[in-house]
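Let's take a walk through this model together, one element after another. Have the viewer open, and follow along as the pieces are put together.

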Amino acid sequence: MSRIGKLPIPVPNGTTVTVDGNKIEAKGPKGHLAFTVSELVSAELKDGELSIMPREDYVAEANERIEANDAKGRKKMTFAEALDPKVRTQWGTARANAANVVHGAAEGFTKSLELVGVGYRAQMQGNDLKLSLGYSHDVIFKAPDGIKLEAPKPTEVIVSGADKQAVGQAAAEIRQFRKPEPFKGKGVRYAGEYVRRKEGKKK
């Protein structure tokens, strides 16, 4: 079985999850998210847990392959090996995306950025982020829908929201304004990011 796909997704208290065919919706303190799983898999909500499984006809095919393999006396085949490869990949992917939807609606996602460099500063301007990154002008980043920006310190930016993809995209766009350079390490980097350094020219 898929090591990721077979894991059930617990639904936290205060979060409502509904399954309508292949569509999964989650409503929680952080927002309302929806996700449509692949037609190769099915979703089921039972006893406060959301499960993603391959479609029944693909499960039956896999079991038939296992029985045929055993009948020939060959090395025992696992369910994952017997399952159609395209179904196996979609199974794990669908489970990961469904887990992100549930977690996002319940707790949300955050991404922290650090500003490294003399005079590099970040501050809020209403809902927008104002960045001083060594250019002749300040950079203004407008918060996308569903994204909250914070600058608790002049050298720290926190991006948060319910949608994991949108949070990551917003953080990547902010980092793109001044990516870390390899000589002094100046620029905007993810919190904890390792910046590979180069040795400068020697006199």
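A good place to begin in this predicted model is helix 3, which lies across strand 2, strand 3 and strand 4 and runs at about 170° to strand 4. Those three strands form an open sheet in the order 2-3-4, with antiparallel pairing. Strand 2 (16–20) and strand 4 are the edge strands, each with a single partner, so one side of each is left without a neighbour in the sheet. From one strand to the next, the twist averages 15°.

Let's go through the pairings of this sheet. Strand 2 and strand 3 (residues 23–28) pair in the antiparallel sense over 5 bridges. Two residue pairs let you find the register on screen: Val 17 has Ala 26 in strand 3 as its bridge partner, and Asp 20 has Lys 23 of strand 3. The two strands form a hairpin with 2 residues between them, and Gly 21 in the turn has a positive phi of about 70°. Moving on, strand 3 is joined to strand 4 by 6 bridges, and these strands run antiparallel. Here Lys 27 stands opposite His 32 in strand 4. Strand 3 and strand 4 also form a hairpin, with 2 residues between them.

Further along the chain comes another strand pair. Strand 5 (residues 41–46) and strand 6 (residues 49–54) pair in the antiparallel sense over 6 bridges. To check the register, look for Glu 44, which stands opposite Ser 51 in strand 6. The hairpin of strand 5 and strand 6 has 2 residues between the strands, and Asp 47 takes a positive phi near 55° there.

Now let's step back to the whole chain. How is the chain divided into domains? The assignment gives domain 1 (9–107) and domain 2 (109–190). Their C-alpha centres lie 35 Å apart. To the contact, domain 1 brings 6 residues and domain 2 brings 4 residues.

Next, turn to the other open sheet, in which 4 strands are arranged in the order 11-12-7-13 with antiparallel pairing. Which strands stand at the edges? They are strand 11 (147–153) and strand 13 (187–190), each with a single partner strand, so one side of each is left without a neighbour in the sheet. Neighbouring strands of this sheet are turned by 25° against each other on average, direction ignored. Helix 4 (residues 164–176) packs on the sheet and touches strand 7, strand 11, strand 12 (156–161) and strand 13. The direction of helix 4 makes about 10° with that of strand 7. As for the pairing of strand 7 (residues 109–116) with strand 13, this is antiparallel and runs over 4 bridges. Within it, Leu 113 has Tyr 190 in strand 13 as its bridge partner.

Finally, let's look at the empty space in the model. The largest pocket holds about 150 Å³ of space. Why does the largest pocket lie between domain 1 and domain 2? Both domains give residues to its lining, so the pocket lies between them. Leu 33, Ala 34, Phe 35, Asn 97, Asn 100, Val 101, Phe 109, Ala 162, Asp 163, Lys 164 and Gln 165 make up that lining. By class, the lining has 6 nonpolar, 3 polar and 2 charged residues. Elements from the earlier paragraphs come back here: strand 4 (31–36), helix 3 (85–106) and helix 4 each supply at least two residues of the lining. The walk thus ends with helix 3, where it began, lying across strand 2, strand 3 and strand 4, and with helix 4, which packs on the sheet of strands 7, 11, 12 and 13.

Methods
Residues numbered from 1 in each chain as written. Predicted model: local features only at pLDDT ≥ 70, side-chain atom pairs only at ≥ 80, totals over all residues. Heavy atoms only, no water. Pairing = 2+ DSSP bridges. Axes fitted to C-alpha atoms, helices over the stretch in contact; angles between N-to-C directions. Contact = heavy atoms within 4.5 Å. 1 Å grid on protein atoms, 1.4 Å probe; cavity = no way out; pocket = protein on both sides within 12 Å on 5 of 7 lines; lining within 4 Å. Points joined across faces, edges and corners; volume = space filled by probe spheres on them. Nonpolar A, V, L, I, M, F, W, Y, C, P; charged D, E, K, R; others polar. Domains from an automatic or database assignment.
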